Amino acid sequence: MLMPISNHELPEIMVIDILLRLPVKSLMRFRCVCKSWCSSFQTSEFITNHRNKNLNLLLMLHDEVPYFSLLSTEAKIKEYGEPEVEFNLKVKENIHMLDFDQLTVSGPCNGLLCVHDNYSIILWNPSTREVKVLPESTISRPPATDDTYFGFVGFGFDRNSNDYKVLRCVNNCVLEEDGFAVLEFIYQIDLYSLRTDSWREIAHPDVFVYNPYLFNAYINGIYYWEATGDDGDLILSFDMVEEVFSTLSLPNFGMSKAECSWCIASFKEALATIVHPRIGMEKCYDIWILNGYSWTKQLTIGPILGVEMPLGFWKNGELFLESENHKLVMFDPCTGQLRDFGIYMSQDSTQQLVVYAESIVSIRGSLEYEANITREVQVQKSTLRRPLIIRMLASTITWG
């Protein structure tokens, strides 16, 4: 029960409905209002029904050490005769994880992120600032192992057991007698359960994940990676409920592997492949969507001049990219506009853009400062700098 209701107070059901619509930051403050509110925020019913799903952006960058930039999205009402709302991005905070030599994110899943490098893994709720350092595995390694590090990692939710799971490929390296040359790799798959806070071993798939740090995706209980097998490139998937691996064939891109680059991404809660030619000043991006077990070419974006690598999609299918001068840009297929937000990205290093929804899911962890995570607030100018808009012709968009 909540606080007693008098004639001048709102009905309890209305209070709960209001609270369910508030951002996570407000809910974290309101935990101190009364014990009943604090208890309500921790119930599975409240967490499931919390309807404030503000989307946030994390950009992984690299200076001397890797760090995340939390980007704030803002809308500015424009003057009469102009479009009603102007969308812009700016760096709100820089987040440093001091215990990591490199940063890679798996997920997101229900607002939670799995952050890892070659040797450590944490679960992180950036909205509540809660961190869970995963325990060491008790799984035995091959006796001849000289070094062990992590390969591909996946993270998701098992809706049947109400459990969050982390999957990691463990690369056990056996060296030659000289201690330098690699004799062989022995692979193992570890599966972690947040509910039991423990690891166990499952069977390893007979494919090779060749891009474990970028362009993996979690969608509706299934995790996906780019991989290769005996018959060439494919997509590897893992079902968090059934705990089984599967493989998925790629669509016919109409180009050879030598002629095109492809990656996977989440597009409006569906698996997508983004395909573009390797060479050329202008880039066209074909977007293929998985419908059941077949692929459909959804749209073609371009040609766009001055862009390089795709980074992912925004709310309504807008495509984030890295420009040739290493800036974060976004192409809107509805308006045909390319927006430059003036945010510079690191050169010659791995880039990752993470789109996640706010969440109050608890991972039974500690506070960020206890895990050596610091935040540096970025001071912004009082005036909003309007992003550069490059108008594209309507013919640059071809819908499938």
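The exercises below work through a predicted model of one protein chain, each with a stepwise solution.

Residues are numbered from 1 along each chain as its sequence is written. In this predicted model, local features need pLDDT of at least 70, side-chain atom pairs count only at pLDDT 80 or more, and totals for chains, interfaces and linings use all residues, while side-chain values use heavy atoms and leave out hydrogens and water.

**Exercise 1. Confidence and overall content**

Task: State what the mean pLDDT of the protein chain is, and find where pLDDT stays under 50.

Solution.
- Step 1. pLDDT is the predictor's confidence in each residue, from 0 to 100. Its mean over the protein chain is 86, and 88% of the residues reach 70 or more.
- Step 2. Residues 382-398 stay under 50. The model has 47 contacts beyond four places in sequence for this stretch, a contact being heavy atoms within 4.5 Å.
- Step 3. Where pLDDT is low, the predicted coordinates should not be read in detail.
- Step 4. The protein chain holds four helices and 29 strands. Helices (H or I, at least four residues) and strands (E, at least two) are DSSP runs, numbered from the N terminus.
- Step 5. Of the 400 residues, 51% count as buried. Buried means under 20% relative accessible area, exposed over 50%, and partly exposed in between (1.4 Å probe, protein chains only).

**Exercise 2. The sheet around strand 6**

Task: Place strand 6 in its sheet and decide which way its side chains point.

Solution.
- Step 1. The open sheet has five strands in the order 4-5-6-7-26, with antiparallel pairing. Two strands pair if DSSP finds at least two bridges between them. Strand 4 (104-109) and strand 26 (366-367) are the edges, each pairing on one side only.
- Step 2. Strand 5 (residues 112-116) pairs with strand 6 over four bridges, in the antiparallel sense. Four residues make the hairpin connection from strand 5 to strand 6, and His116 has Ile121 as its bridge partner.
- Step 3. On the other pairing, strand 6 and strand 7 (residues 130-133) are antiparallel over four bridges. Leu123 is opposite Lys132, and Trp124 is opposite Val131. In this hairpin, Arg129 has a positive phi near 65 degrees.
- Step 4. In a regular strand the side chains alternate between the two faces of the sheet. From strand 6, Ile121, Leu123 and Asn125 point one way, and Ile122 and Trp124 the other; all are buried.
- Step 5. Because five of the five residues of strand 6 (residues 121-125) are buried, the strand is largely enclosed by the rest of the structure.

**Exercise 3. Nonpolar cores**

Task: Identify which residues of the largest nonpolar core touch the most other members, and list the contacts of Val166.

Solution.
- Step 1. A nonpolar core is a set of buried Ala, Val, Leu, Ile, Met, Phe, Trp, Tyr and Cys residues joined through side-chain atoms within 4.5 Å.
- Step 2. The largest has 48 residues, and Phe152, Val166, Leu167, Trp225 and Phe245 touch the most other members. At least three of its residues come from each of domain 1 (16-52) and domain 2 (101-247 + 356-383); these bounds come from an automatic or database domain assignment.
- Step 3. Beyond four places in sequence, the contacts of Val166 include Ile121 and Leu123, as well as Tyr192 and Trp199.
- Step 4. Tyr192 stands opposite Trp199 in strand 11. Strand 10 (residues 182-193) is joined to strand 11 by five bridges, and the two run antiparallel.

**Exercise 4. Phe313**

Task: Is Phe313 buried or exposed, and which residues does Phe313 touch?

Solution.
- Step 1. Phe313 belongs to strand 21 (residues 307-313).
- Step 2. Its relative accessibility is 8%, so Phe313 counts as buried.
- Step 3. Leaving out residues up to four places away in sequence, Phe313 touches, among others, Ala265, Phe267, Ala272, Ile274, Leu319 and Val355.

**Exercise 5. Backbone details**

Task: Locate the cis peptide bond at Pro108 and describe the phi of Asn110.

Solution.
- Step 1. The bond from Gly107 to Pro108 is cis, with omega near 5 degrees, and Pro108 sits in strand 4.
- Step 2. Asn110, in the loop between strand 4 and strand 5, has a positive phi near 50 degrees, though not a glycine.
- Step 3. With 43% relative accessibility, Asn110 counts as partly exposed.
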